[in-house]
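I opened a fresh page for this one and kept my notes short. Here is what I had on screen while I wrote.

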Amino acid sequence: MDAKAWDERYAAHDLVWSVEPNRFVAEIIGPMTPGRALDLAAGEGRNAIWMVEQGWSVVALDYSSVAVERMRSLAADRLGHDADRLTPVVGDATVAPPGDPDSYDLALLSYLQLPADEWRSALRAAVTAVRPGGRVVVVGHAGRNLAEGWGGPSDPTVLYDPDAVIDAAQGLPVTVERSGIRERPVDTDDGQRVALDTVVVLRREG
Ligand SMILES: C[S@@+](CC[C@H](N)C(=O)[O-])C[C@H]1O[C@@H](n2cnc3c(N)ncnc32)[C@H](O)[C@@H]1O
């Protein structure tokens with residue numbers, strides 16, 4: 001999907017994703033000491049707004065202007081004055097993000113579904129943005145989800161098992177801190193189903 005298709009998808013619904021953060025984002029980032037974070041392909045901002053509530057200052061970028069406007073409005077409702085610590089930006093996650101290189105404590109890629117070349121560019125942008133010792137957190141639909149899990153995109157070229165994420169990180173200055181496939185229960189009209197997500201945490205080397 002391109003930016004126009006995402007705009008249309010967001011415009012067709014009041015809220016496409018949940019209000020709450022993704023459960024793995026909350027599990028991993030919750031215990032971290034807040035600092036400066038970059039959320040690439042932030043959508044309507046469910047993770048970015050939650051991070052601000054946890055004390056982070058967040059630059060949240062998405063190429064859908066409809067999603068970014070919604071994020072801005074949700075943040076104003078939920079965060080009050082703390083909305084000052086959220087910077088919503090319309091932009092491309094595959095190119096250099098706003099801010100200096102090595103300047104963020106954390107970068108998040110949450111369900112960014114792109115073909116391999118573009119996805120690797122986004123990963124490189126995230127790694128380059130983060131300071132030595134900072135983290136890049138990757139959460140997304142696993143490749144295995146297609147055959148074994150519920151929901152998610154049906155295009156296998158935008159799905160990544162942990163090994164594919166680690167392959168994409170080859171040559172980048174990172175070490176793998178955590179990597180695996182996690183089960184995410186999903187309530188559906190037909191009862192609870194389980195989605196399979198890839199969860200990887202990379203630490204930026206000095
Ligand atoms: C499945 S949504 C995930 C949104 C959010 N990260 C979350 O977890 O709620 C994927 C998002 O990626 C955005 N996106 C896809 N390709 C992008 C790109 N090259 N640059 C910026 N945003 C992109 C879409 O507009 C969409 O908002």
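My entries below go from the sheet to the helices and then to the ligand.

**Entry 1, the model.** I am working with a predicted model.

**Entry 2, the sheet.** I began with the strands and asked in what order they lie in the sheet. I found an open sheet of seven strands with mixed pairing, and I wrote the order down as S3-S2-S1-S4-S5-S7-S6. Next I looked up its edges, which are strand S3 (86-90) and strand S6 (174-188), each pairing on one side only. From one strand to the next, the twist averages 15°.

**Entry 3, S6 and S7.** I then followed S6 to its partner, strand S7 (residues 191-204). The two pair in the antiparallel sense, over 14 bridges. To have one position to click on, I picked Thr 175, which stands opposite Arg 203 in S7.

**Entry 4, helices on the sheet.** Helix H3 (residues 46-53) lies across strand S1 (36-40), strand S2 (57-62), S3 and strand S4 (104-110). I noted its direction too: H3 runs at about 175° to S2. Helix H4 (residues 65-79) also packs on the sheet, where I see it touching S2 and S3. The direction of H4 makes about 165° with that of S3.

**Entry 5, H3 against H4.** How do H3 and H4 pack? I read an angle of about 30°, with the axes 10 Å apart. Angles under 35 degrees count as roughly parallel, so I can call H3 and H4 roughly parallel to each other. H3 passes H4 in a right-handed crossing. On the H3 side I listed Ala 48, Ile 49 and Val 52; they meet Met 71, Leu 74, Ala 75, Arg 78 and Leu 79 in H4. Sorted by class, this contact has seven nonpolar residues, no polar ones and one charged.

**Entry 6, H1 against H4.** I turned to helix H1 (residues 3-11), which packs with H4 at an angle of about 45°, the axes being 7 Å apart. That angle makes H1 oblique to H4. From H1, I noted Trp 6, Asp 7, Tyr 10 and Ala 11, meeting Ser 65, Val 66, Ala 67 and Arg 70 in H4. Here I get five nonpolar residues, one polar and two charged.

**Entry 7, the ligand.** Last, I asked which residues come nearest to the ligand. Of the 20 residues around it, these are Trp 6, Ala 41, Gly 43, Ala 93 and Ser 110. By class, I put the shell down as 10 nonpolar, seven polar and three charged. I underlined Trp 6, since I had met it in H1, at the contact with H4.

Conventions:
Residues are numbered from 1 along each chain as its sequence is written. This is a predicted model: local features need pLDDT of at least 70, side-chain atom pairs count only at pLDDT 80 or more; totals for chains, interfaces and linings use all residues. A residue is near a molecule or strand if its C-beta atom, placed from the backbone, lies within 6 Å of it. Ala, Val, Leu, Ile, Met, Phe, Trp, Tyr, Cys and Pro count as nonpolar, Asp, Glu, Lys and Arg as charged, and the others, Gly among them, as polar. Two strands pair if DSSP finds at least two bridges between them. Axes are lines fitted to C-alpha atoms, for helices over the stretch in contact, and angles run from 0 to 180 degrees between N-to-C directions. Two residues are in contact if their C-beta atoms, placed from the backbone, lie within 7 Å. Angles under 35 degrees count as roughly parallel, over 145 as roughly antiparallel, 65 to 115 as roughly perpendicular and the rest as oblique. A crossing is left-handed if the near helix is turned anticlockwise from the far one by less than a right angle, and right-handed if clockwise.
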